[in-house]
Structures are given as structure tokens and as C-alpha cells.
Amino acid sequence: MDLERVETAAGAADAREGLRTALALRRLAERMEALHVARAREEGMSWAEIAVELQVTRQTVHKKHGRTRGPGRWDTGRDAGSGAGRDDER
């Protein structure tokens, strides 16, 4: 969706269309933030530096982005139901 269409949709008279647009923008913003926080961490930025850029506290940004999403951090690619974990690999 290009910016002109977003602006048009944001000003739509139809409340449902406006709400769907707001939802799409919120989801896009969340994905962009996650992507750029990950890049910032890979580049060596501290949580405090990232927080300054996002205008939130260090604790807020760390709580939101400090853990992996989806499969557990120690996922070894094994079936999750097998009970295998990090300790089993020693």
C-alpha cells in the first residue's frame, strides 16, 4: 500500500475501513520496530541507546524485544514434544 492510499484510507468516511487501516499500520510499525531493534543489537547498540531512539525506557525496550519469539531460545531443531533441551546435549 503506497503512502497516498494510506492517507486516503486514514481519512475514509467508513469507520470499518479506517479501523482496518489503523490495524494494518500498527502491525507494520511493530514489524519495523522489531527488525530495526534486532539490527541495532547486531550492530552493538545497547538497550539504553535503542531506548533513547524509541523514546521509551531501557526496561520497556528490553522487555519487549529482549527475548526470542516463537520457538524457545534453546531450540535445537528437535521435536518440541520430545523433552529434549539444552542439558541433554552435554
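These are my notebook entries on a predicted model, taken up helix by helix.

**Entry 1: Ala9**

I began with Ala9, which lies in helix 1, the run of residues 3-10. I asked whether Ala9 is buried or exposed. Its relative accessible area is 6%, and since the cut-off for buried is under 20%, I noted Ala9 as buried because of that value. I then looked up what Ala9 touches once its neighbours within four places in sequence are left aside, and found Glu17, Gly18 and Thr21. I also took the C-alpha separation between Ala9 and Ala22, which stand 13 residues apart along the chain, and it came to 9.1 Å.

**Entry 2: the largest nonpolar core**

Which residues make up the largest nonpolar core? I listed 6 of them, namely Val37, Ala40, Trp47, Ile50, Ala51 and Val61. Two elements give two or more residues to this core, helix 2 (15-42) and helix 3 (47-54), and of the elements it is helix 3 that gives the most, with 3 residues. As background I wrote down that nonpolar side chains in soluble globular proteins tend to be buried together. I followed Ile50 further, not counting residues up to four places away in sequence, and its contacts are Val37, Ala40, Arg41, Met45 and Val61.

**Entry 3: helix 2 with helix 3**

For packed helices, the description rests on the angle between the axes and the distance between them. Helix 2 and helix 3 pack with their axes 10 Å apart and at an angle of about 145°, and the crossing of helix 2 past helix 3 is right-handed. On the helix 2 side I found Glu33, Val37, Ala40 and Arg41, which meet Trp47, Ile50 and Leu54 of helix 3. Sorted by class, the residues of this contact are 5 nonpolar and 2 charged, with no polar residue.

**Entry 4: helix 2 with helix 4**

How do the axes of helix 2 and helix 4 cross? Helix 4 covers residues 58-65, and its axis comes within 11 Å of that of helix 2, the two crossing at roughly 100°. Angles of 65 to 115 degrees count as roughly perpendicular, and I therefore recorded helix 2 and helix 4 as roughly perpendicular to each other. Glu30, Glu33, Ala34 and Val37 are the residues of helix 2 that meet helix 4, where their partners are Val61, Lys64 and His65. By class, I noted 3 nonpolar, 1 polar and 3 charged residues in the contact of helix 2 with helix 4.

**Entry 5: cross-check on helix 2**

Going back over the lists, I found Glu33 and Val37 among the helix 2 residues that meet helix 3, and both also appear among those that meet helix 4. Val37 and Val61 belong to the largest nonpolar core as well.

Technical notes
Residues numbered from 1 in each chain as written. Predicted model: local features only at pLDDT ≥ 70, side-chain atom pairs only at ≥ 80, totals over all residues. Heavy atoms only, no water. Helix = DSSP H or I, 4+ residues; strand = E, 2+ residues; numbered from the N terminus. Buried < 20%, exposed > 50% of the residue type's maximum accessible area, 1.4 Å probe, protein only. Contact = heavy atoms within 4.5 Å. Core = buried A, V, L, I, M, F, W, Y, C linked by side-chain atoms within 4.5 Å. Axes fitted to C-alpha atoms, helices over the stretch in contact; angles between N-to-C directions. Parallel < 35°, antiparallel > 145°, perpendicular 65-115°, else oblique. Nonpolar A, V, L, I, M, F, W, Y, C, P; charged D, E, K, R; others polar. Left-handed = near helix turned anticlockwise from the far one by under 90°.
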